[in-house]
Amino acid sequence: MARTPARPRHFAARLLSARSGPDARFGVRLLTTVAATALVSVPFALALVLVESQWAPLHRLDQGTAERLHAAALEHPAWVRVLDFLSHVVWGPLTMRLLVAALVVWLLVRGAVRLALWAAVTATAGGLLGLLVKNAVERARPHLPQPVAQAPGFSFPSGHAMTATTSCAVLLLALLPVVPRACRPLAWVLAAVSVVGVGYTRVVLGVHWVSDVVGGWLLGLAVVTATTLAFEAWRADVGRTRTTPAQGLEPEILADRPEPPAGVPERP
């Protein structure tokens, strides 16, 4: 009976022992996932607190930027039409979602079911989470004289900015292995231009504050980080090596069978 209290200590020692294998690896992956997700969520949480508290320096930044860009927009109506086309058509949420949907179909045809699931979940979770935060914060959109554009709903975070962030990240991480190595820097540049560009258009058109756009970027990044870490955990479970953003999530996408069957570890 006197030895009973030692059992929890014995279990803890076994869990942390190098011989514990899967248990230790699971613990490390779990802690790494939580820490990384929390780390990338902190900037968004800070932005949310500053917006909710109506922090004066942030308010001045938002108001001053909106007024300057609005004045420039009124002087260049042709430029406004170009930005409106980019915002609603080229980089619009519908376009981005259709691209992700096409990617999901292509991945399913290739047999990359888990990567397709990752893409679909990332895009869907991003949209739903952004809508939830919008309705929780209920921040009003800018009210400017002689508005050049209108948008319904609340302002923080920017749905366009968040959708562009999650969609471009999904497209980039899934398709990088297909892109020739010499062209991969161009793919990163196109993704960055799309994400930054759509944010710029939303502020110039007077339908979002700068902090709305930054909040959309940060929340989108947090969602992508969380789902990507989950996908990396699956790769570790089936015996595949970790990847880097430069490689894409699944370098094996061009293989005849890019993913092993469910429940079957991959043999080295």
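1. Read along its sequence, the chain follows the pattern α-α-α-α-α-α-α-α-α, and the structure discussed here is a predicted model. In keeping with that pattern, the chain holds 9 helices and 0 strands.

2. Two general figures help to place the details that follow. Of the 268 residues of the chain, 40% count as buried. Among contacts with a separation of 6 or more, 74% are accounted for by residues 24 or more positions apart.

3. The pair formed by helix α8, residues 184-204, and helix α9, residues 210-237, deserves a closer reading: the two pack at an angle of about 155 degrees, and their axes are 9 Å apart. Because angles over 145 degrees count as roughly antiparallel, α8 is roughly antiparallel to α9. The crossing in which α8 passes α9 is right-handed.

4. Which residues of α8 and α9 meet? From α8 come V195, V196, G199, R202 and V203, and these meet V210, V213 and W217 in α9. The residues of this contact divide into 6 nonpolar, 1 polar and 1 charged; the charged one is R202, and G199 is counted as the polar one.

5. V210, whose place is in helix α9, can be considered separately, since its contacts include residues outside the helix pair. When residues up to four places away in sequence are not counted, V210 touches D62, T65 and V203, and the last of these is also listed among the α8 residues that meet α9. V210 and Q63 are 147 residues apart in sequence, while their C-alpha atoms are 8.8 Å apart in space. Is V210 buried, exposed or partly exposed? Its relative accessibility is 23%, so V210 counts as partly exposed, given that buried means under 20%.

6. T243 lies in the segment after α9, and with a relative accessible area of 15% T243 is buried, because that value falls under the 20% cut-off. The side chain of T243 is joined to the side chain of E232 by a polar contact of 2.6 Å, and the T243 side chain also reaches the backbone oxygen of G248 at 3.3 Å.

7. The wider surroundings of T243 can be listed on the basis used above for V210. Leaving out residues up to four places away in sequence, T243 touches E232, R235, G248, L249 and P251. Two of these residues, E232 and G248, are thus named both as contacts of T243 and as partners of the T243 side chain, E232 through its own side chain and G248 through its backbone oxygen.

How values were computed. Residues numbered from 1 in each chain as written. Predicted model: local features only at pLDDT ≥ 70, side-chain atom pairs only at ≥ 80, totals over all residues. Heavy atoms only, no water. Axes fitted to C-alpha atoms, helices over the stretch in contact; angles between N-to-C directions. Helix = DSSP H or I, 4+ residues; strand = E, 2+ residues; numbered from the N terminus. Parallel < 35°, antiparallel > 145°, perpendicular 65-115°, else oblique. Left-handed = near helix turned anticlockwise from the far one by under 90°. Contact = heavy atoms within 4.5 Å. Buried < 20%, exposed > 50% of the residue type's maximum accessible area, 1.4 Å probe, protein only. Polar contact = N/O pair within 3.5 Å; in protein donor to acceptor, adjacent residues only side chain to side chain.
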